[in-house]
Amino acid sequence: DQSLNALWGHSAPAGAAGRAIGTGYQNTADIVIGCPEEGIAARLCYDLEMDGYSDWFLPSIDELLLMFTNLRSKGSGGFKDCFYWSSTQDSYGVWVVSFYYGSKSNHNRNENTIRTRAVRAF
């Protein structure tokens with residue numbers, strides 16, 4: 001995990017509404033452009049350089065659910081039994097996934113008890 005308690009961001013930037021697999025990178029870029037705050041979840045992922053890669057991003061809601069299905073439910077990935085941020089927002093807030101139940105819900109952008117996990121496409 002890149003953070004145990006980073007905020008998603010205080011504002012609702014334009015874009016960042018993609019839900020489908022393959023939309024997380026663009027959502028992340030939209031968040032970084034629209035939310036200038038340092039230390040927010042999307043910026044932590046966007047600025048990450050790890051294992052020789054610098055193309056990390058905050059996953060969309062469908063990408064995050066796929067991570068639960070393909071990794072967490074099989075005991076892989078080192079996920080904790082808590083909520084993880086997605087890069088998908090709507091008019092009510094931001095979508096998160098419970099890695100205990102595998103369910104999604106909508107949370108306030110300013111919640112500070114949600115974990116951040118960067119992903120990359122390959």
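## Notebook: strands, helices and two unusual residues

I began at a pair of strands: Trp95 has Asn106 as its bridge partner in E3. I note here that the model I am reading is predicted.

**Entry 1. The E2 and E3 pairing.** I looked up the two strands that hold this bridge. E2 and strand E3, residues 104-107, pair in the antiparallel sense over four bridges. Next to Trp95 I checked Val96, whose bridge partner in E3 is Ser105. I then turned to the link between the strands. The hairpin of E2 and E3 has five residues between the strands, and in this hairpin Gly102 takes a positive phi near 80°.

**Entry 2. The E1 and E2 pairing.** Which strand else pairs with E2, and in which sense? I found that E1 and strand E2, residues 93-98, pair in the antiparallel sense, over five bridges. Two residues lie between E1 and E2 in the hairpin that they form. Trp85 stands opposite Val96 in E2. I also looked up Gln89, and its bridge partner in E2 is Val94. Val96 thus appears twice in my notes: opposite Trp85, and with Ser105 as its partner in E3.

**Entry 3. Cover over the strands.** How many residues of E2 are buried? I read six of the six residues of E2 as buried, so E2 is largely enclosed by the rest of the structure. For strand E1, residues 83-90, I noted that it is mostly covered, with six of its eight residues buried. I kept one general point beside this entry: in a regular strand the side chains alternate between the two faces of the sheet.

**Entry 4. The whole protein.** I stepped back to count elements. The protein has three helices and three strands. Along the sequence I read the pattern α-α-α-β-β-β. The radius of gyration is 13 Å, close to the 14 Å that the globule rule gives for 122 residues, so the protein is as compact as a globular protein of that length. The C-alpha trace spans about 35 × 35 × 25 Å along its principal axes.

I then looked at burial and surface for the whole protein. Of the 122 residues, 43% count as buried. The protein exposes about 6200 Å², and carbon and sulfur atoms supply 53% of this area. For contacts between residues at least 6 apart in sequence, I noted that 65% join residues at least 24 apart. On charges, I wrote down 10 positive and 13 negative ones, with mean positions 8 Å apart.

**Entry 5. Helix H1.** Which residues of H1 are buried? My list for H1 reads Gly24, Asn27, Thr28, Ala29, Asp30, Ile31 and Val32. I followed the buried residues of H1 to their neighbours, and they pack against helix H2 (41-46), helix H3 (61-70) and E1.

**Entry 6. Asn5.** I went to the segment before helix H1 (24-34), where Asn5 is found. Leaving aside residues up to four places away in sequence, I found that Asn5 touches Asn112 and Ile114. I also checked Asn5 against Trp95, the residue I began with. Asn5 and Trp95 are 90 residues apart in sequence, and their C-alpha atoms are 16 Å apart in space.

**Entry 7. Two positive phi values.** I looked for residues other than glycine with positive phi. Most residues other than glycine have a negative phi. Ala16 has a positive phi, near 55°. I placed Ala16 in the segment before H1. Is Ala16 buried or exposed? Its relative accessibility is 1%, so Ala16 counts as buried.

Asp51 is not a glycine, yet its phi is positive, at about 55°. I found Asp51 in the loop between H2 and H3. Asp51 counts as exposed because its relative accessibility is 66%. I closed the entry with the pair side by side: Ala16 is buried, whereas Asp51 is exposed.

Terms used. Residues numbered from 1 in each chain as written. Predicted model: local features only at pLDDT ≥ 70, side-chain atom pairs only at ≥ 80, totals over all residues. Heavy atoms only, no water. Contact = heavy atoms within 4.5 Å. Buried < 20%, exposed > 50% of the residue type's maximum accessible area, 1.4 Å probe, protein only. Pairing = 2+ DSSP bridges. Rg over C-alpha atoms; globule rule 2.2 N^0.38 Å. Areas by Shrake-Rupley, 256 points an atom, 1.4 Å probe, with all protein chains shown as cover. Lys, Arg positive; Asp, Glu negative; His and termini not counted. Charge placed at Lys NZ, Arg CZ, Asp CG, Glu CD.
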